[in-house]
Amino acid sequence: MTDNSRTDGGIAPQAPLPPAFSTPLLALDIGTIRIGVAVCDRLGISCRGVTCLMRRDTGWPKQLGKLVSEYGAKGIVAGLPKNMDGTEGVQAADARSAVKELGRHLKLPVVFQDERLSSWTAKERLYGQGLSEKKVKERLDQTAAAVILEDFLSAHPGIAGKYR
């Protein structure tokens, strides 16, 4: 696993990525109840939320494996929820634990991306589309995953299009 999360509130340092890490990618917004999932296209131009998995469902790694196959994902970007001061707390430890669990079921490179303010950004986008409170709640986690993926791709512009 590679940690590409920001440490100072700015752009993440360019940590080396796993050699086979290329688009398309899946992104995860890991929460205690739901895991939002997003995907980008092969060129890394567009990102979109695709679904939410239920974290308490012990089959979520297998369900994610099906999405990996469906979208031909070459890697996973997992959001790392840091505190605003850049430190890691209970939520970050939980996200790391979920990725560790995922690693027992799925052999795919995973990198972490700082996800500070991703849910806020996602909520603003969804309300900006004129969606109701109910629709915003339904789409929030997968939209936050898309924001995480967009942030990752912006920080690593050379990754897009490296597919074989």
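**Exercise 1. The largest pocket**

Task: State which element gives the most to the lining of the largest pocket, and with how many residues.

Solution. Step 1: α2 gives the most to this lining, namely 3 residues. A pocket is an open set of points on a 1 Å grid over the protein atoms alone, where a 1.4 Å probe fits and protein lies on both sides within 12 Å along at least five of seven lines; lining residues have an atom within 4 Å of a point. The model is predicted: local features need pLDDT of at least 70 and side-chain atom pairs pLDDT 80 or more, while totals for chains, interfaces and linings use all residues. Residues are numbered from 1 along each chain as its sequence is written, and side-chain values use heavy atoms, without hydrogens and water.

Step 2: At least two lining residues come from each of β2, α2 and α4 (133-155).

Step 3: The lining has 19 residues in total, and those nearest the centre of the pocket are Asp29, Ile30, Gly31, Gln91 and Glu115.

**Exercise 2. The chain as a whole**

Task: Give the order of the elements along the protein chain.

Solution. Step 1: The protein chain has 4 helices and 6 strands. Helices (H or I, at least four residues) and strands (E, at least two) are DSSP runs, numbered from the N terminus.

Step 2: Starting at the N terminus, the order is β-β-β-β-α-β-α-β-α-α.

Step 3: The chain has 164 residues, and 46% of them count as buried (under 20% relative accessible area; exposed is over 50%, partly exposed in between; 1.4 Å probe, protein chains only).

**Exercise 3. The two sides of α2**

Task: Decide which residues of α2 are buried, and explain why they share a side.

Solution. Step 1: α2 covers residues 90-103, and its 14 residues reach 20 Å from first C-alpha to last, close to the expected 20 Å (1.5 Å times one less than the number of residues).

Step 2: Ala92, Ala95, Ala98, Val99 and Leu102 are buried in α2. They lie on the same side of α2 because they cover an arc of only 120° around its axis; the arc is that of the directions from the helix axis to the C-beta atoms.

Step 3: The face turned away from that buried side carries Val90 and Lys100, both exposed.

Step 4: Packed against the buried residues of α2 are β2 (25-30), α1 (60-71), β5 (75-80) and β6 (110-114). Contact means heavy atoms within 4.5 Å.

**Exercise 4. The two sides of α1**

Task: Work out which residues of α1 are buried and which are exposed on the other side.

Solution. Step 1: Trp60, Pro61, Leu64, Gly65, Leu67 and Val68 are the buried residues of α1. They fall within an arc of 160° seen down the axis, so they line one face of α1.

Step 2: Exposed on the other side of α1 are Lys62, Lys66, Ser69 and Glu70.

Step 3: The cover over the buried residues of α1 includes β2, β3 (34-40), β4 (47-54), β5 and α2.

Step 4: Gly72, with a positive phi near 65°, follows α1.

**Exercise 5. Two single residues**

Task: Find where Cys47 and Leu117 are located.

Solution. Step 1: Cys47 is in strand β4 and is buried, at a relative accessible area of 17%.

Step 2: Beyond four places away in sequence, Cys47 touches Val39, Cys40, Ala146, Leu149, Glu150 and Leu153.

Step 3: Leu117 is in the loop between β6 and α3 (118-128). Although Leu117 is not glycine, its phi is positive, near 70°. Its relative accessibility of 49% makes Leu117 partly exposed.
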